[in-house]
Amino acid sequence: MPSFWQLLTDVFFPPVCVECRQRISEGILCPACRRKLAAFRILQPRAYCCPDIESICLFYSYDAAIKKALHDVKFHGKKRLLAAMAEEMAILETPKRVCNIWNLPKNIVVVPIPTDRKRVEERGYDVPQGIFRSWSLKHGFVWYEALTRIRSTQPQYGLGRNERRKNVRGCFSTIKDISKRPILLVDDIFTSGATAEEAAHVLRKQGAGHVWVMAFAGGAEDK
Ligand SMILES: [Zn+2]
C-alpha cells in the first residue's frame with residue numbers, strides 16, 4: 001500500500017521510464033524501452049572462471065540507463081527507484097522462463113549476496129533484497145539469508161579482475177544451515193563474477209548443493 005507521501009510524490013514527480021523519460025505506471029521502463037533494453041543472457045561460468053556456479057543469468061546489460069538507475073539507487077538514495085526495480089522483476093517474463101530452462105530443483109532456496117552492513121545502514125536499504133525478495137516469495141521460493149559479510153571490502157567498482165578477486169576473498173561466511181540445499185544466488189550487478197564466485201565457493205565448501213546465479217544487470221568487466 002503506497003503511503004500518503006508516496007501518492008503525493010507520484011502526483012508531483014510521476015514515475016518515468018529511465019531510458020526515454022516518458023511517464024510510466026510501473027517498473028523502471030516503458031514497454032518499448034523494455035523490449036529494446038531487455039538483454040536476457042545466460043553466461044557460461046567457465047568463461048568467468050566460476051567453477052562453483054552451474055549457470056549465470058543476467059536480465060539487463062549493465063549499461064547506459066540501467067547502469068545510471070542502479071547508481072542512483074546505490075549512491076544517490078533513490079529508494080523509490082529500488083521499489084520500481086522490484087516491480088520490473090515482476091513484469092519481466094524472463095526470470096520465470098530461465099528457472100524453467102535451468103530446471104531448478106523444487107527445494108531451491110534464494111540466497112541474496114549480502115551487502116556490507118555499514119552500506120546498508122548508510123542507505124537505509126539493501127539493494128539485492130529490494131530487487132529480488134518479493135519476486136522470490138511471489139514465485140514460491142524460500143528467501144534464505146544464509147550469508148553474511150565477515151569483513152569490509154573496497155567497492156569493486158574501478159578495480160581490475162584480479163584485484164576484485166583479492167578484494168572479496170574470505171569476506172563471506174554462512175550463518176544458516178545450507179547442507180545439500182540447492183541455491184539460487186541473487187545480486188543486483190554481475191560484472192567480473194568475483195563476488196558471486198566467492199559467495200558460491202563459501203556455500204559449496206559448507207556443503208550446499210548446486211549454485212545458480214541471477215543478477216538484475218551485468219556485462220563485461222570494468223564497464
Ligand atoms: Zn522508455
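A residue counts as buried here if 20 or more other C-beta atoms lie within 10 Å of its own. With that in hand, here are some close-ups of this predicted model.

**View 1. Strand β7, enclosed by the rest of the structure.** Look at residues 183-190: eight of the eight are buried, so β7 is largely enclosed by what surrounds it. β7 has β3 (residues 109-112) as a parallel partner, joined to it by four bridges. One pair to pick out is Val-110 with its bridge partner Leu-184 in β7. Seven bridges link β7 to β8, and these two strands run parallel as well. Here, Val-186 has Met-214 of β8 as its bridge partner.

**View 2. The largest nonpolar core.** This core takes in 57 residues, and Ile-183, Leu-185, Val-213 and Ala-217 are the ones with the most contacts inside it. Strand β8 (residues 211-218) gives the largest share, seven residues. Zoom in on Leu-185 and skip its neighbours within four places in sequence: what's left touching it is Val-111, Ile-113, Ala-196, Ala-199, Ala-200, Val-211 and Val-213.

**View 3. Helix α4 against helix α7.** Here α4 (residues 79-91) packs on α7 (residues 127-138) at about 35 degrees, the axes sitting 8 Å apart. It's a right-handed crossing. From α4 come Leu-82, Met-85, Ala-86, Met-89 and Ala-90, which meet Val-127, Gly-130, Ile-131, Phe-132, Ser-134, Trp-135 and Lys-138 of α7. Sort the residues of this contact by type and you get nine nonpolar, two polar and one charged.

**View 4. Helix α8 against helix α9.** Now for α8 (residues 161-168) and α9 (residues 194-205), whose axes come within 9 Å and cross at roughly 35 degrees. This crossing, too, is right-handed. On the α8 side sit Arg-161, Arg-164, Arg-165 and Val-168, and they meet Ala-194, Thr-195 and Glu-198 in α9. By type, that contact splits into four charged, two nonpolar and one polar.

**View 5. Lys-78, in the loop between α3 and α4.** The loop holding Lys-78 follows α3 (64-75) and leads to α4. Lys-78 has 17 other C-beta atoms within 10 Å, so it rates as partly exposed. Setting aside neighbours within four places in sequence, Lys-78 is in contact with Asp-72 and Val-73. Arg-123 is worth finding in this view as well: it is 45 residues from Lys-78 in sequence, yet 9.2 Å away in space, C-alpha to C-alpha.

How values were computed: Residues are numbered from 1 along each chain as its sequence is written. This is a predicted model: local features need pLDDT of at least 70, side-chain atom pairs count only at pLDDT 80 or more; totals for chains, interfaces and linings use all residues. Axes are lines fitted to C-alpha atoms, for helices over the stretch in contact, and angles run from 0 to 180 degrees between N-to-C directions. A crossing is left-handed if the near helix is turned anticlockwise from the far one by less than a right angle, and right-handed if clockwise. Two residues are in contact if their C-beta atoms, placed from the backbone, lie within 7 Å. Ala, Val, Leu, Ile, Met, Phe, Trp, Tyr, Cys and Pro count as nonpolar, Asp, Glu, Lys and Arg as charged, and the others, Gly among them, as polar. A nonpolar core is a set of buried Ala, Val, Leu, Ile, Met, Phe, Trp, Tyr and Cys residues joined through C-beta atoms within 7 Å. A residue is buried if 20 or more other C-beta atoms lie within 10 Å of its own, exposed if 12 or fewer, and partly exposed in between; C-beta atoms are placed from the backbone. Two strands pair if DSSP finds at least two bridges between them.
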